[in-house]
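Student: I'd like to learn how to read a structure like this feature by feature. Can you walk me through it?

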Amino acid sequence: MNYEPVIGLEVHAQLKTQSKIFCGCSTKFDAKENELTCPVCTGMPGCLPVLNKRAVEFAIKMALATQCRINEKSLFARKHYFYPDLPKGYQISHYDKHLAQKGHIEISIGGQIKKIRLHRIHMEEDAGKNIHGTFSSYVNLNRAGIPLIEIVSEPDVRSSQEAGAYLREIRSILRYLEVCDGNMEEGSFRCDVNVSVRPVGQKEFGIRCEVKNINSFRFVEKAIEYEMGRQIEVLESGAKVIQETRLWDSDQNKTFSMRSKEEAHDYRYFPEPDLHPLIVEPHWVEEIKRTLPELSSEKKTRFIKMYQLSEYDASLLTQEKSLAQYFESVVEICKEPKLATNWILSELLREFGPEQVESSPITPQHLGELLVLIMKGTISGKIAKHVFEKMLQTGQAPQAIVQKEGLVQVSDSTQIEALVEEVLKEQKVFVDKYHAGQAKLFGFFVGEVMKKSHGKANPAMVNEFLKKKLKGA
Amino acid sequence: MHITKQLVEHLAKLSLLELSPEEVERYTQELDSLMGYFEKLNRLDTAHIDPTFHVEPPTNVFREDEVRESFKREDLLPVFPAQEDGAIKVPKIIEAS
Ligand SMILES: [Zn+2]
């Protein structure tokens with residue numbers, strides 16, 4: 001029998017605020033254990049949480065960018081469970097009346113656009129972190145109270161590949177909006193996956209399993225493939241899939257059952273009496289809407305139209321906002337989108353990841369100037385690569401490097417003619433062979449002339465003179 | 001709704017409380033009579049009244065996103081039953097697998 005998976009994804013994204021969601025403790029990552037704590041985020045009796053306005057704005061931005069409907073009134077609740085990383089004994093989270101719902105994003109799969117619906121976006125606080133020792137466990141509450149949004153998709157995803165594309169798009173939108181840095185290693189972007197399988201053609205969903213806390217896109221894809229295989233095997237053997245929470249083990253490449261929290265799934269939610277309902281009036285939403293930047297999909301479409309780029313090049317250049325900005329700054333200087341694209345994609349991105357281009361020693365100004373030097377014929381493309389290397393090492397302007405190293409291209413016809421004549425005289429034997437029919441030797445002559453000029457001769461002129469002289473000889 | 005012994009045992013488990021059989025017996029009776037009072041309230045028709053989670057009119061109370069100095073660890077940590085090298089020490093958490 002043929003099966004298809006039905007996949008839903010939950011993303012927890014850390015909002016990039018300076019302070020925590022309900023208190024003024026800093027959200028910075030590199031701090032000593034429990035250094036960023038206060039009575040509010042450690043759950044001392046008698047203190048009151050006060051909602052961080054920017055966290056709400058960030059959440060609304062994401063809701064708008066994903067076409068969600070924003071609820072004018074939403075409600076925070078207490079979600080109860082006992083775990084040492086949760087000092088209050090409950091987590092404050094939207095529940096029941098969420099911040100936003102019914103949105104969608106578009107992903108591109110093999111050139112096809114597919115819409116994935118979002119069920120909802122809600123706000124909540126993060127818990128602390130436990131470290132397990134031999135005899136005791138140790139709790140660090142620096143993360144407790146970090147603002148998160150949870151983005152829940154509808155079960156619209158049908159393959160591990162689509163899941164990967166969905167997560168990358170969500171991360172890209174968050175980063176374009178600058179509301180989350182999307183750092184999976186530091187835990188500011190985490191995902192849980194709900195997977196079930198059903199025979200192709202069946203309408204009802206199968207019984208699903210939730211795989212929690214997977215910290216890379218590759219692992220998400222692998223975990224989904226593993227779960228599909230496992231669940232199909234269970235069904236084929238005539239048994240039933242058990243609804244449960246599983247964890248991904250990246251060393252063994254498999255998921256395993258996590259039974260410990262099973263029976264505690266009674267969270268006894270009730271409205272948080274310490275927080276007022278959150279009122280988001282339409283004019284506030286309008287105000288935030290005006291601050292939304294151009295997102296990657298819009299930017300991609302514009303790049304294709306405005307700069308005549310291929311869809312592939314445009315999607316590479318717009319995968320990161322700072323990279324797209326870098327590209328546009330280079331084009332502004334050199335006015336040659338195609339040349340800028342080639343240099344950024346093949347040279348710059350070989351040295352830096354898309355997220356690091358921004359802080360590379362080569363500024364967009366300098367790269368633009370380098371391309372101008374090529375276009376004006378001041379240096380050849382080959383010399384330009386050498387200059388590029390120097391720019392990488394020193395961060396200097398291309399003109400300075402060209403001048404200091406005397407790399408200006410020789411375009412003087414008398415000089416080039418002399419070089420050509422010299423080479424043809426020295427290589428008399430090969431010139432005879434060339435005339436005897438070995439036309440391939442032409443390239444060899446070009447190489448010899450270039451060598452003599454230390455790579456500085458204008459290649460087009462070298463070609464021209466060689467042709468002329470060989471014909472005449 | 002009637003409070004049963006099973007429900008009290010379930011709630012005790014969720015709240016990490018250890019109850020003796022006598023306590024389970026007593027709480028079952030006490031909670032059951034309490035619930036009787038709510039039964040009485042439930043007879044009122046509140047279908048068209050919003051629940052009053054808060055007594056004040058709904059207005060947003062926000063703080064600006066500004067970092068305020070956190071508590072000093074030396075002041076905060078002694079409040080917890082045990083600590084070690086800046087971390088809060090708890091009995092070993094065992095993840096069943
Ligand atoms: Zn705090």
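Tutor: We'll go through domains, pockets, a cavity, a few single residues and some backbone angles. Keep in mind that this is a predicted model.

Student: Let's start with the overall layout. Which domains is chain A divided into?

Tutor: There are three ranges to mark on the sequence: domain 1 covers 3-288, domain 2 covers 296-404 and domain 3 covers 413-472. For a feel of the spacing, take the C-alpha centres of domain 1 of chain A and domain 3 of chain A, which are 67 Å apart.

Student: Now pockets. Where does the second largest pocket lie with respect to the domains of chain A?

Tutor: The trick is to look at who supplies the lining. Domain 1 (3-288) and domain 2 (296-404) of chain A each contribute residues to it, so the second largest pocket lies between them. Its volume is about 1,000 Å³.

Student: Which elements give two or more residues to that lining?

Tutor: In chain A they are α1 (53-65), β7 (100-109), α2 (160-177), α5 (296-307) and α6 (311-317). The largest share is from α2(A), with seven residues.

Student: How many residues line the second largest pocket, and which lie nearest its centre?

Tutor: The lining has 33 residues, and R168(A), E169(A), S172(A), S296(A) and S297(A) are the ones nearest the centre. As for chemistry, the 33-residue lining splits into 13 nonpolar, ten polar and ten charged residues.

Student: And closed spaces? How many cavities of 30 Å³ or more are there?

Tutor: A cavity differs from a pocket in that the probe fits inside but cannot get out. Here the count is one cavity of 30 Å³ or more. The largest cavity has a volume of about 60 Å³.

Student: Which residues line the largest cavity?

Tutor: Look for C41(A), L86(A), P87(A), K88(A), Y90(A), E125(A), D126(A), A127(A), A144(A) and G145(A). Six residues of that lining are nonpolar, one is polar and three are charged.

Student: On to single residues. Is H94(A) buried or exposed?

Tutor: The cut-off for buried is under 20% relative accessible area. H94(A) has 1% relative accessibility, so it counts as buried. You'll find H94(A) in strand β6 (residues 90-94) of chain A.

Student: What does the side chain of H94(A) pair with?

Tutor: It makes a polar contact of 2.9 Å with the side chain of S74(A). Beyond residues up to four places away in sequence, H94(A) touches S74(A), L75(A), F76(A), L99(A), H122(A), M123(A) and L278(A).

Student: Can you show me a residue in a loop to compare with that?

Tutor: Try T27(A), in the loop between β1 (3-14) and β2 (51-52) of chain A. With a relative accessible area of 12%, T27(A) is buried. Its side chain reaches a backbone atom, the oxygen of T17(A), at 2.7 Å. Among the contacts of T27(A), once neighbours within four places are set aside, are Q14(A), T17(A), I146(A) and P147(A).

Student: What about L367(A): which element holds it?

Tutor: L367(A) sits in helix α9 (residues 364-375) of chain A, and its relative accessible area is 0%, so it is buried. Setting aside neighbours within four places in sequence, L367(A) is in contact with Y326(A), V330(A), W343(A), I344(A), I362(A), F388(A) and M391(A). By contrast, L367(A) and E422(A) are 36 Å apart, C-alpha to C-alpha, with their positions 55 residues apart in sequence.

Student: Last topic: how should I read a positive phi?

Tutor: Most residues other than glycine have a negative phi, so a positive one is worth a look. K102(A), which is not a glycine, has a positive phi of about 55°. It lies in strand β7 of chain A, and K102(A) is exposed, with a relative accessible area of 58%.

Student: Where in chain B does L16(B) lie, and what is its phi?

Tutor: L16(B) is in the loop between α1 (5-14) and α2 (21-42) of chain B. Its phi is near 55°, again positive in a residue other than glycine. At 63% relative accessibility, L16(B) counts as exposed.

Student: And E74(B), is that one buried or exposed?

Tutor: Exposed, with a relative accessible area of 57%. E74(B) belongs to helix α3 (residues 73-76) of chain B. The C-alpha atoms of E74(B) and P21(B) are 42 Å apart, for a sequence separation of 53 residues.

Notes. Residues are numbered from 1 along each chain as its sequence is written. Chains are lettered from A and ligands numbered from 1 in the order in which they are written. This is a predicted model: local features need pLDDT of at least 70, side-chain atom pairs count only at pLDDT 80 or more; totals for chains, interfaces and linings use all residues. Side-chain values use heavy atoms; hydrogens and water are left out. Helices (H or I, at least four residues) and strands (E, at least two) are DSSP runs, numbered from the N terminus. Buried means under 20% relative accessible area, exposed over 50%, partly exposed in between (1.4 Å probe, protein chains only). A polar contact is a pair of N or O atoms within 3.5 Å; within protein, one must be able to donate a hydrogen and the other to accept it, and residues adjacent in sequence count only if both atoms are side-chain atoms. Contact means heavy atoms within 4.5 Å. On a 1 Å grid over the protein atoms alone, a cavity is a set of points where a 1.4 Å probe fits but cannot get out, and a pocket is an open set with protein on both sides within 12 Å along at least five of seven lines; lining residues have an atom within 4 Å of a point. Grid points are joined across faces, edges and corners, and a volume is the space filled by probe spheres set on the points. Ala, Val, Leu, Ile, Met, Phe, Trp, Tyr, Cys and Pro count as nonpolar, Asp, Glu, Lys and Arg as charged, and the others, Gly among them, as polar. Domain bounds come from an automatic or database domain assignment.
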